[in-house]
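Notebook open. I wanted to go through this model one part at a time and jot down what I looked up.

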Amino acid sequence: MSASDVKARREMQRKCKADERALTKQLVNKLDALLPYGQGSLPADPQLSKRKGTLPSRRNQLQLLRDAILHVQSAAKRPTGQELMEGLLSTWEDRMVVVELSTWRIQGMSEKLKEDFKESMFASTMVGQVLLHYVDYASADRLRCFSQTAEMGGLGAQHQGTCQSLAGVDVKMRLFRKHNVVHASFKYVPTTVTKGICVFHVVGSTEDIRDPDWSRVDMSWNEGVVQFSKEESTATPWFIERAMSCIAHARRKRLLGWIIPAHQTQPYSSQVCDWMKNTAAESRLTSLQRGLHDLMFTHQDVHFLCDGSSGDFPTLCVHIRLCLPQFMGGIRTPWVKLLQRKLDGSAFAPFSDNIQEVRLYPVWEEGTTDLTFVAFYVSKAEGTCFHTRIWTLSRAGFFHQGHVFRTALEEPYRYHFFFKKVAEADRTLMPEVFE
């Protein structure tokens, strides 16, 4: 090889090394700009920390490489189940809820689903609430069936893992808009079930739900006088309170504890009530006590007046009077006012005390003239709802229903009673609605 060839070869090698150093410096500077400071920038060797790096971040290349190794190791580390759950529930895009299947107690929910409850008494947190109280009764039965299947191992291989083979459960939820209850249809799609804890993707939309405006609803059809219909009822307050004693404190306020004092504000009604109360108190026969209680409830006229002119909430005005059978003299007492209030979700004093708080929320449903409202019974000690009841006023009469249960896996005590419309509204009582 001639001297000129050797010189050209050396010149080529020198140029290649210079290009390689320039490219390496360029890549290192890019990595330095992208890589955050980490523990690799604080080496154990104190002598190394005294050296000021030449990189823009003031790191040297050894520190940069250490940071790169730690960053890659951190990125490759699998997140814990708790970290995954927190990330999943932080979404504002999807509705997600985590429940304990044996109780349907809510363990967590996504930010998107929390928004649906922010205009209710449960706005601070839904964690700890029983989900079955925030769906309609038919949906509660379907969810109860799902949990019973899970408890019996009916989910098969999916009982401890991904539930890809499960189609989901159709659910109508009770959400809140401007302190009104609105119904929204969803499909609860189970994603994972682990140790009895299930994560559901709540699939559906609320875009078609309009804001409540009660001034657009003609509720005059629902007004009038109603009477108890034994043929169309499955229970009276006596049996309902016996069932409630299994899930609530015995000294809480009850329905008859509200009705009887109202009658006693009128002298004639008061005399009848006193006689009935004394007869029941003197009797040691449970059947007689029950009979007198039921007589008080089932033999009275109830008069309803409604007003939706405020727009935001309906106003309900209720009068009652005793209407005893002929064998008891056929007594019909004057009307007494039982209730006049806006159904705005505030605490309902006649049923609320230091044990429970009862909230009445109107149900807004586009296209119907019925007036429906839901009562949420909340334990003051725990702050959780333990029971719900539904009242519906329609042109046919007054319908009341509820489910009583202690756990999600047991069959609930189902009850309803119906007051049939027997007369149109008494217009002499109309001015009292606007007092």
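My entries follow, from the whole chain down to single residues.

**Entry 1: overall**

I am working with a predicted model, so I keep that in mind throughout. I began with the fold: the protein chain has 10 helices and 15 strands. I then checked burial, and 46% of the 435 residues come out as buried. For contacts between residues at least 6 apart in sequence, I got 57% joining residues at least 24 apart.

**Entry 2: strand β8**

I picked β8, residues 300-307, and asked how many of its residues are buried. Eight of the eight are, so the strand is largely enclosed by the rest of the structure.

Next I sorted the side chains by direction. Side chains in a regular strand alternate between the two faces of the sheet. Here, Gln300, Val302, Phe304 and Cys306 point one way. Asp301, His303, Leu305 and Asp307 point the other way. I noted that both sets are buried, the two Asp residues and His303 included.

Which strands does β8 pair with? With β7 it runs antiparallel, joined by three bridges. With β9, residues 315-322, the pairing is also antiparallel, over eight bridges. Phe304 turns up in both pairings: it is the bridge partner of Gly224 on the β7 side, and it stands opposite Val318 in β9.

**Entry 3: cavities**

I searched the whole structure for enclosed space. A probe the size of a water molecule, rolled over the atoms, shows where empty space is left. The search gave three cavities of 30 Å³ or more.

I looked further into the largest cavity, which holds about 360 Å³ of space. Its lining has 26 residues, and Leu255, Trp258, Leu338, Trp391 and Phe398 lie nearest the centre. What kind of residues make up this lining? I counted 22 nonpolar, two polar and two charged.

I also traced where the lining comes from. Two helices, α7 (237-244) and α8 (256-263), each supply at least two residues. So do the strands β8, β9, β10 (336-342), β13 (385-394), β14 (397-404) and β15 (413-423). That brings β8 from my previous entry back in, along with its partner β9.

**Entry 4: largest pocket**

I turned to open space. The largest pocket holds about 370 Å³. I found 18 residues in its lining, with Arg105, Ile247, Cys385, Phe386 and Arg406 nearest the centre. The lining splits into nine nonpolar, six polar and three charged residues.

**Entry 5: cysteines**

How many disulfides does the structure hold? Zero. I checked Cys317: the nearest cysteine sulfur is that of Cys306, 9.4 Å away, and Cys317 is in no disulfide. The cut-off for a disulfide is 2.5 Å between sulfur atoms.

I compared two cysteines for exposure. Cys317 counts as buried because its relative accessibility is 0%, and buried means under 20%. Cys16 has a relative accessible area of 43%, so I put it down as partly exposed.

**Entry 6: Thr206**

Last, a loop residue. Thr206 sits between β6 (197-203) and β7 (224-229). Is it buried or exposed? I have Thr206 as buried, because its relative accessible area is 15%. I listed what Thr206 touches, leaving out residues up to four places away in sequence: Arg95, Leu175, Arg177, Ala184 and Phe186.

Conventions:
Residues are numbered from 1 along each chain as its sequence is written. This is a predicted model: local features need pLDDT of at least 70, side-chain atom pairs count only at pLDDT 80 or more; totals for chains, interfaces and linings use all residues. Side-chain values use heavy atoms; hydrogens and water are left out. On a 1 Å grid over the protein atoms alone, a cavity is a set of points where a 1.4 Å probe fits but cannot get out, and a pocket is an open set with protein on both sides within 12 Å along at least five of seven lines; lining residues have an atom within 4 Å of a point. Grid points are joined across faces, edges and corners, and a volume is the space filled by probe spheres set on the points. Ala, Val, Leu, Ile, Met, Phe, Trp, Tyr, Cys and Pro count as nonpolar, Asp, Glu, Lys and Arg as charged, and the others, Gly among them, as polar. Helices (H or I, at least four residues) and strands (E, at least two) are DSSP runs, numbered from the N terminus. Buried means under 20% relative accessible area, exposed over 50%, partly exposed in between (1.4 Å probe, protein chains only). Contact means heavy atoms within 4.5 Å. Two strands pair if DSSP finds at least two bridges between them.
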